[in-house]
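Hi everyone, thanks for making time today. Let me put the structure up on the screen, and then we can walk through it together.

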Amino acid sequence: MDHDLTLLPEILVSVFLVIGGLFGLVGSIGFLRLRDTMQRLHAPTKATTLGVGGVLIGSMLYFVMVEGRVSFHELLITLFLFLTAPITANFIAKTHMQAKLQEKDLPPSGGKYGWAVYDAPPGEENDPGR
Amino acid sequence: MITYAIVFAFACFGFGLLGTLWRMLAGPTVADRILALDTMVINFIALIILYGIWQGTAIYFEASMLIAMVGFVSTVAFCRFILRGDIIE
């Protein structure tokens with residue numbers, strides 16, 4: 001496909017695409033090479049935020065500078081990914097804690113109640129259904 | 001030059017997809033497999049957006065948005081099922 005561009009937009013879009021690709025690669029390599037599940041949880045966030053973010057910024061610049069139209073779909077995708085990434089990581093960490101860690105392995109929660117993975121929610125400690 | 005950049009990013013995210021597929025097949029715990037599925041969805045979104053730039057069309061943003069939503073809901077459903085034995089209580 002023929003991309004007929006002037007020099008500055010071409011350099012900008014290319015730089016953002018290469019940055020995004022590199023961070024995606026870094027996230028996947030870290031996901032392959034780190035040793036523990038909790039460490040592995042850390043690596044793909046780079047692919048989520050910086051990798052996909054770089055690609056989305058490159059895409060936005062491309063459509064503004066080359067096609068001449070402003071598109072907000074990239075902002076929507078970025079917002080959705082940035083909103084859902086912490087929720088996903090929290091759920092996966094809770095799954096790992098419930099499967100592999102005991103409550104005595106953890107430091108005290110420092111608050112009035114225990115860790116939410118193991119204890120009943122406040123107000124339901126004496127609920128016989130649990 | 002932008003063609004080479006797109007090809008480079010395609011190669012990076014394709015390798016990332018293969019790596020996360022390997023982690024999903026080999027991952028020792030269930031949490032690893034769920035995280036690998038989530039990361040595969042992320043890499044796939046990037047690949048679809050790159051294909052949209054390659055073709056010069058904006059029609060693939062809806063597809064990537066839908067895949068992002070389905071990926072999030074499926075990850076939460078997997079985790080809820082492992083955590084509680086039920087998805088919607």
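Here is something to start with: how far apart do the centres of the positive and negative side chains of chain B lie? They are 9 Å apart, and the two sets hold 4 positive and 5 negative side chains. In chain A, there are 10 positive and 12 negative charges, and their mean positions are 11 Å apart. Please keep in mind that what you see is a predicted model.

Let's stay with chain A for a moment. Its secondary structure consists of four helices and zero strands, so the order from the N terminus is simply α-α-α-α. The radius of gyration of chain A is 22 Å, while the globule rule gives 14 Å for 130 residues, so chain A is more spread out than a compact globule. You can see that in the C-alpha trace too, which spans about 70 × 35 × 25 Å along its principal axes. Of the 130 residues in chain A, 35% count as buried. The accessible surface of this chain is about 7,700 Å², and carbon and sulfur atoms supply 63% of that.

Now to chain B. Here we have three helices and zero strands, running α-α-α from the N terminus. Its radius of gyration is 15 Å, where a compact globule of 89 residues would be near 12 Å. The box around its C-alpha atoms is roughly 50 × 30 × 10 Å along the principal axes. Buried residues make up 48% of chain B. Its accessible surface is about 4,300 Å², with 76% belonging to carbon and sulfur atoms. As for contacts between residues at least 6 apart in sequence, 50% of those in chain B join residues at least 24 apart.

Let's zoom in on helix H1 of chain A, residues 7–33. This helix has 27 residues and reaches 38 Å from its first C-alpha to its last, close to the expected 39 Å. Its buried residues include several glycines, among them A:Gly20, A:Gly21, A:Gly24, A:Gly27 and A:Gly30. And what covers the buried residues of H1(A)? The cover includes helices H2 and H3 of chain A, together with helices H1 and H2 of chain B.

One residue I'd like you to find is A:Arg40, in helix H2 of chain A. Is A:Arg40 buried or exposed? A:Arg40 is buried, with a relative accessible area of 5%. Leaving aside residues up to four places away in sequence, A:Arg40 touches residues of chain A, including A:Phe31 and A:Leu34, and also B:Arg23, B:Pro28, B:Asp32 and B:Leu35. You may remember A:Phe31 as one of the buried residues of H1(A).

Back over in chain B, helix H2 has 26 residues and reaches 38 Å, close to the 38 Å expected. Just after H2(B) comes B:Gly56, which has a positive phi, near 70°.

My last stop is B:Gly71, in helix H3 of chain B, residues 60–84. B:Gly71 is buried, with a relative accessible area of 4%. Which residues does B:Gly71 touch, not counting residues up to four places away in sequence? They are B:Asp38 and B:Val41. B:Ile53 is 18 residues away along the chain, and its C-alpha atom is separated from that of B:Gly71 by 22 Å.

That's my tour, and I'm happy to go back to any view you like.

How values were computed. Residues are numbered from 1 along each chain as its sequence is written. Chains are lettered from A and ligands numbered from 1 in the order in which they are written. This is a predicted model: local features need pLDDT of at least 70, side-chain atom pairs count only at pLDDT 80 or more; totals for chains, interfaces and linings use all residues. Side-chain values use heavy atoms; hydrogens and water are left out. Helices (H or I, at least four residues) and strands (E, at least two) are DSSP runs, numbered from the N terminus. The radius of gyration is taken over C-alpha atoms; the globule rule is 2.2 Å times the number of residues to the power 0.38. Buried means under 20% relative accessible area, exposed over 50%, partly exposed in between (1.4 Å probe, protein chains only). Accessible areas come from the Shrake-Rupley method with a 1.4 Å probe; for residues, only the protein chains shown count as cover. Lys and Arg count as positive and Asp and Glu as negative; His and the chain ends are not counted. The place of a charge is taken as NZ of Lys, CZ of Arg, CG of Asp or CD of Glu. The expected span of a helix is 1.5 Å times one less than its number of residues. Contact means heavy atoms within 4.5 Å.
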